[in-house]
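Q: Hey, I've just opened this one and I'm new to it. Could you walk me through a few bits?

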Amino acid sequence: MEMPRRRQPSFTLTLPKPASSELASFGALQKDSMPQETDEATEKTESGEETFIPEAEESDVSVEAPAETMEPVDTKSNLSSQDSFSEETIMSEERIAQEAEEAKKKSEEEEAAAKARAAQRQLMSIEELVQSERNYLRLLQVSTVTIRSNLQTLQPPLANLDSMFLYIEEVMDVSSRLLSLLDQTQVQLGDPQFLETLCASFLSLSSDIEAAYKEYLANYNNVTVLENSYKQKEELWNEIVSVIKASAPEVNATSLSFFLVMPVQRIARYPLLLQTIKKHTDPAHPSYAVLEHTAHTSIAINCRINEYKRFREVADKYKKTETLTIKDKIHRLNSHSIAKKTARLSQQIKHETGIVPKLVDEEFNVLEGFFYVLGHGILELLENVETYLHHLQGFLACKTEEFDFDMDGEKLPICYKEITTALRQWVLPTFEKRMRTLIHKPLCALRDLLVGPRNLIKKRLDKLLDYELIEAKSNLTYEEQAVANTYRTINTLLLNELPQFNALAQQMIWSMLGTYSCLHKDLASDMEQLFQSFTQQLPHSSLSPGAFWEWAESAALEGARRLETLCRSVEETLNAPFVQPLSPSSQRRLKQLTDKHGSGKIYQVGGVVVGSRDLDLNLAKGELVAIISEMDTRGDKRRWLVDAGGRRGYAPSSKLIRYHQPSEDPPPSPHLTLPDGVTGIRRHSYTPESRPLTVRSQPCFQVMAAYDFTARGSHEVSVRAGESVRVLEAHDKRGHPEWSLVEGRGGQRGYVPSNYLTITPLGMGPPGSYH
């Protein structure tokens, strides 16, 4: 295309010979590209752009130069050169623009191809995450359902098999919920909104994922230990491997750890898969921000799980109780342990004496105090429940309905038998079973759970003493740093988990107390239902409610009074003094104590005494002591100060019985006296080897029962009025003359009231005989 040109004025321009810098540049350009001279001169700037300089269009001033430097210029030649240069420039510009357009198009195509490849890789990464999650869940289901059920059929059964699959159900549940959230949406895998749905589903389940996986990973060490125990038995392990191969033939698995290690690997793969998806996602993508947040959340979950696993390992190391013998403890002694225990003891002494201030943690002290209060309450409640169940068993063991009362045909005994039978066979056994299941068993489990935190608290105290010794140091060695880290770990673990334990334990106690009330309410309801069927048959069913309760109250009080009287009489009988033959050493001690303290202070030990406090004595049954004081220094009358023949100390008053020294002559009785001149050997207890009394005078007497007496227990004997008896002891075991030990007809021996006996003379008889 030809550009219009302006007419040039007809004058001659004379130029100097030495070319200026501008003309020299123009000449060089003309020499390289060989363009024709145009109406305008061109020059290149530093940026590479071409600038056209017009030839003095607007100025009419002639440029004069020296004559020797000016040459004539051909006008036609200049015009053709300029036209040719303009055409070349235009063509060059078009070519450059075309090349730039092609380059731009090519870059756009390359950018589009890169985006397509990134989108494809993003889609493949998302598909890999979803598909691997489905395969992972399927293999866990195979191991948990198929393999586990087949292993349970082995004989003999595998020990602790269920503990190998502990917490795996929670892992499967959270995985299935994640896939369920993805399947519930109508968005397909290739849809751009699927990524946002995936991230939102993962974030909504992040807390559940962390809770499920952290417990499983903390327990995984126990899984490996248990599997190694199976491997030690070759025959058993071969059976396990064959079951695994038969249950999952499509998987080349030869051990349980092939399946059980998958959750450990899966939780660590989530950050890698999400980071891969993020790498192939355009930052301008609408879901990029939530994807980045999801990736960071997965990394944080793994960090918290690792920290929790480390805390659990420290807790498992220090909370277990070791039962060591003295020999084992001696073997553990070395210079390091001795130095460590010595440093702890010295630090504790400094605390007690106030030389060094003790590091106080108020928050932990509050938690520790509440923990010990809960522990004491749990133990007290468990002891009360066990005592309650013991008394209930004793009541059930007393089958009073099986005794024959010789009252056949009477309505009241029949009702009593039916009611007690129903109570003993149905109501009370059901109540006892529920008590053991809902109250006693949980309390025992809660008591066992107290051991771990208690040991951890004790270990924290030891580590605190070690930490105080190195706290002021600026530079710590590797071992000192390990000690500091151990203390911080235990302290942090207790501060985090002890409040949860206290809250759960308190909640369990309140729940068990509520259950206890509900059980008794159900018991009352069952008993009411039982008694309603016998209401019309009872003798006081016709009374009004007020009169009935008045009668019931009076009957209960009367029964309580009778029971108290019976218990007192039984207690007196059981606590009756007994006389054991004394050994020569005991006789010497008796003489020594009698001479020193008098016969009224001599007591005999009724049972074995084991000292449990300071200044308590250990005494054997039957040992003789002398009472010095009937209370201790604090005024407690349950502990007496005694003299055991050189040893002095305290003994429980409940196990001390006054000692009655045997005498040659029986004490006088107002109802039973022997004639003058009749002597005999005094007997101190009821023994089959008792010898008959020997007399040294000729008159004969006989002892007869003046009244009928019916025995009320095995320690008494029944006699009839006028029946002759032989007196073995003129007093009971406590030395009271109101009762006498006699032998009746047929050799039966027992106690009868002394005032029921009388002495009648028989006349003269042969020496040595006495009835």
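A: Sure, let's start inside one helix: K591 and D595 both sit in α18, four residues apart, which is about one turn of the helix. Keep in mind that this is a predicted model.

Q: What do the side chains of K591 and D595 do?
A: They meet in a salt bridge, at 3.2 Å from N to O.

Q: Is that pair buried or exposed?
A: K591 has a relative accessible area of 54%, and D595 has 57%. The cut-off for exposed is over 50%, so K591 counts as exposed, and so does D595.

Q: And where does α18 itself lie?
A: Helix α18 covers residues 584-597 and lies across β3, β4, β5 and β6. The helix runs at about 20° to β4.

Q: OK, tell me about those strands. In what order do they come in the sheet?
A: The order is β6-β5-β4-β3-β7, five strands in an open sheet with antiparallel pairing. The edge strands are β6 (648-652) and β7 (656-658), each of which pairs on one side only. From one strand to the next, the twist averages 50°.

Q: What holds strands together in a sheet, generally?
A: Strands of a sheet pair through backbone hydrogen bonds, and they can do that in a parallel or an antiparallel way.

Q: Zoom in on β5 and β6 for me. How many bridges do they pair over?
A: Five bridges, in the antiparallel sense, with β5 being residues 639-643. To find your place there, look for R639, which stands opposite P652 in β6.

Q: Back to salt bridges. How many are there?
A: The count comes to 31 salt bridges. Another one joins K309 and E313, whose closest N and O atoms are 2.8 Å apart.

Q: Why do K309 and E313 end up about one turn from each other?
A: Because they are four residues apart in helix α10, which spans residues 288-319, and that separates them by about one helical turn. K309 is partly exposed at 22% relative accessible area, and E313 is partly exposed too, at 41%.

Q: Got a buried pair as well?
A: Yes, try R749 and E743, whose side chains meet in a salt bridge at 3.6 Å, N to O. R749 has 18% relative accessibility and E743 has 15%. Buried means under 20%, so R749 makes the cut, and E743 does as well.

Q: Which residues are linked in a network of salt bridges?
A: R148, D162 and E169 are linked that way.

Q: Switching topic: anything odd in the backbone?
A: A few things. The peptide bond from Q155 to P156 is cis, with omega near -5°. P156 is in the loop between α2 (75-151) and α3 (161-164).

Q: What about N160, where is that?
A: N160 is also in the loop between α2 and α3. N160 isn't a glycine, yet its phi is positive, about 60°. At 54% relative accessibility, N160 counts as exposed.

Q: Which residue in the loop between α3 and α4 should I look at?
A: Go for Y167, which is found in that loop, just so you know α4 is 168-184. Y167 has a positive phi near 70°, and Y167 is not a glycine either. With 28% relative accessibility, Y167 is partly exposed.

Technical notes. Residues are numbered from 1 along each chain as its sequence is written. This is a predicted model: local features need pLDDT of at least 70, side-chain atom pairs count only at pLDDT 80 or more; totals for chains, interfaces and linings use all residues. Side-chain values use heavy atoms; hydrogens and water are left out. Two strands pair if DSSP finds at least two bridges between them. Helices (H or I, at least four residues) and strands (E, at least two) are DSSP runs, numbered from the N terminus. Axes are lines fitted to C-alpha atoms, for helices over the stretch in contact, and angles run from 0 to 180 degrees between N-to-C directions. Contact means heavy atoms within 4.5 Å. A salt bridge is a side-chain nitrogen of Lys or Arg within 4 Å of a carboxyl oxygen of Asp or Glu. Buried means under 20% relative accessible area, exposed over 50%, partly exposed in between (1.4 Å probe, protein chains only).
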